[in-house]
Amino acid sequence: AVFTANLAHTYAQLGEWAMAERYYQAASNHYRQAGGETLISITNRNLGNLAAYQNQFDKAARLLRESLTYYQHSRPSQLPHVELELADALAKAGKVNEASTYYEAAVQHAVETNATFNQDLFAFKLITTLLALGRYDAALSELKKLSADGLQDNASQLRYHLLYLSALSKT
């Protein structure tokens, strides 16, 4: 089954979505028969991301949501990544309110687990979602938590200033 999952991953890297899904499903079926909850969760995450690549956002959200429990209990440092992937799928499916919940959770869990990734990205996605929902005060509050000087690169600083101006103009 591990070989099958690796083959699926290779097909996904090559953009061969149908083949990747076929082999991820085969691996998932094997893991279910063997009672491998951990590997089922990882495979669901991979299938969820695969669905998102194919613009099947509702399917992606369902699969990513199914994998959350495993990451909450067994791999908390990866939880913010899964929450971000789920939030992105929900936002693209037009479920912006629900997406904002997962963006907020991703930011919070990123801080709690001291996860190694670009935390600015998580914060920007949350702020953009809050602006889209018309929650301008909440967006400003999140923006104030960021420091323009502490952002990791020039693009992040520019996004910060643009979002800040957008939120200010709406309040």
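**Entry 1: Asn44 and Ser67**

I began with Asn44, which is found in helix α3, and I kept in mind from the start that this is a predicted model. I asked whether Asn44 is buried or exposed. Its relative accessibility is 5%, so Asn44 counts as buried, the cut-off for buried being under 20% relative accessible area. Leaving out residues up to four places away in sequence, I noted that Asn44 touches Arg32, Leu63, Glu66 and Ser67.

I followed the last of these names to Ser67, whose place is in helix α4. Ser67 has a relative accessible area of 0% and is therefore buried. With its neighbours within four places in sequence set aside, Ser67 is in contact with Ser41, Asn44, Arg45 and Val82, and I marked Asn44 and Ser67 as partners in my drawing.

**Entry 2: the chain as a whole**

I then stepped back to look at the protein chain, for which I wrote down 9 helices and 0 strands. Read along the sequence, the pattern is α-α-α-α-α-α-α-α-α. I looked up how much of the chain is covered, and found that 40% of its 171 residues count as buried. The protein chain exposes about 9,100 Å², and carbon and sulfur atoms supply 49% of that area. For contacts between residues at least 6 apart in sequence, I recorded that 50% join residues at least 24 apart.

**Entry 3: the largest nonpolar core**

Which residues touch the most other members of the largest nonpolar core? That core has 26 residues, and the ones I was looking for are Leu68, Leu86, Leu90, Tyr102 and Tyr103. The elements that give two or more residues to this core are α4 (57-74), α5 (79-92), α6 (96-113), α7 (119-132) and α8 (136-145). The largest share comes from α5, with 7 residues. Apart from this core I found another one, of 8 residues, which includes Ala20, Tyr23, Tyr24 and Leu50. I added a general remark beside these two entries: in soluble globular proteins, nonpolar side chains tend to be buried together.

**Entry 4: Leu68, Leu79, Pro80 and Tyr103**

I returned to Leu68, which is found in helix α4 and counts as buried because its relative accessibility is 7%. Not counting its neighbours within four places in sequence, Leu68 is in contact with Leu79, Val82, Glu83, Leu86 and Tyr102. I also looked up the C-alpha atoms of Leu68 and Ser41, which are separated by 7.7 Å although the two residues are 27 residues apart along the chain.

Leu79 lies in helix α5, and at 5% relative accessibility Leu79 counts as buried. The C-alpha atoms of Leu79 and Leu68, 11 residues apart along the chain, are separated by 7.1 Å. Beyond four places in sequence, Leu79 touches Leu68, Tyr71, Gln72 and His109.

Pro80 lies in helix α5, and with 0% relative accessibility Pro80 counts as buried. I recorded 8.7 Å between the C-alpha atoms of Pro80 and Phe122, which are 42 residues apart along the chain.

For Tyr103 I listed the residues that it touches, again without those up to four places away in sequence, and they are Leu84, Ala87, Asp88, Ala91, Lys125, Leu126 and Thr129.

**Entry 5: the largest pocket**

Which residues line the largest pocket? I wrote down Asn49, Ala52, Tyr53, Phe57, Glu85, Asp88, Ala89 and Lys92. The volume of this pocket is about 190 Å³. Both α3 (37-53) and α5 supply at least two residues of the lining, and α5 gives the most, with 4 residues. Sorted by class, the lining has 4 nonpolar, 1 polar and 3 charged residues. I noticed that Asp88 is named in this lining and also among the residues that Tyr103 touches.

**Entry 6: Asn55**

Last, I looked up the backbone of Asn55, whose place is in the loop between α3 and α4. Most residues other than glycine have a negative phi. Asn55, however, has a positive phi of about 60° although it is not a glycine. Is Asn55 buried or exposed? At 57% relative accessibility Asn55 counts as exposed, because the cut-off for exposed is over 50%.

Methods: Residues are numbered from 1 along each chain as its sequence is written. This is a predicted model: local features need pLDDT of at least 70, side-chain atom pairs count only at pLDDT 80 or more; totals for chains, interfaces and linings use all residues. Side-chain values use heavy atoms; hydrogens and water are left out. A nonpolar core is a set of buried Ala, Val, Leu, Ile, Met, Phe, Trp, Tyr and Cys residues joined through side-chain atoms within 4.5 Å. Buried means under 20% relative accessible area, exposed over 50%, partly exposed in between (1.4 Å probe, protein chains only). Contact means heavy atoms within 4.5 Å. Accessible areas come from the Shrake-Rupley method with a 1.4 Å probe; for residues, only the protein chains shown count as cover. On a 1 Å grid over the protein atoms alone, a cavity is a set of points where a 1.4 Å probe fits but cannot get out, and a pocket is an open set with protein on both sides within 12 Å along at least five of seven lines; lining residues have an atom within 4 Å of a point. Grid points are joined across faces, edges and corners, and a volume is the space filled by probe spheres set on the points. Ala, Val, Leu, Ile, Met, Phe, Trp, Tyr, Cys and Pro count as nonpolar, Asp, Glu, Lys and Arg as charged, and the others, Gly among them, as polar.
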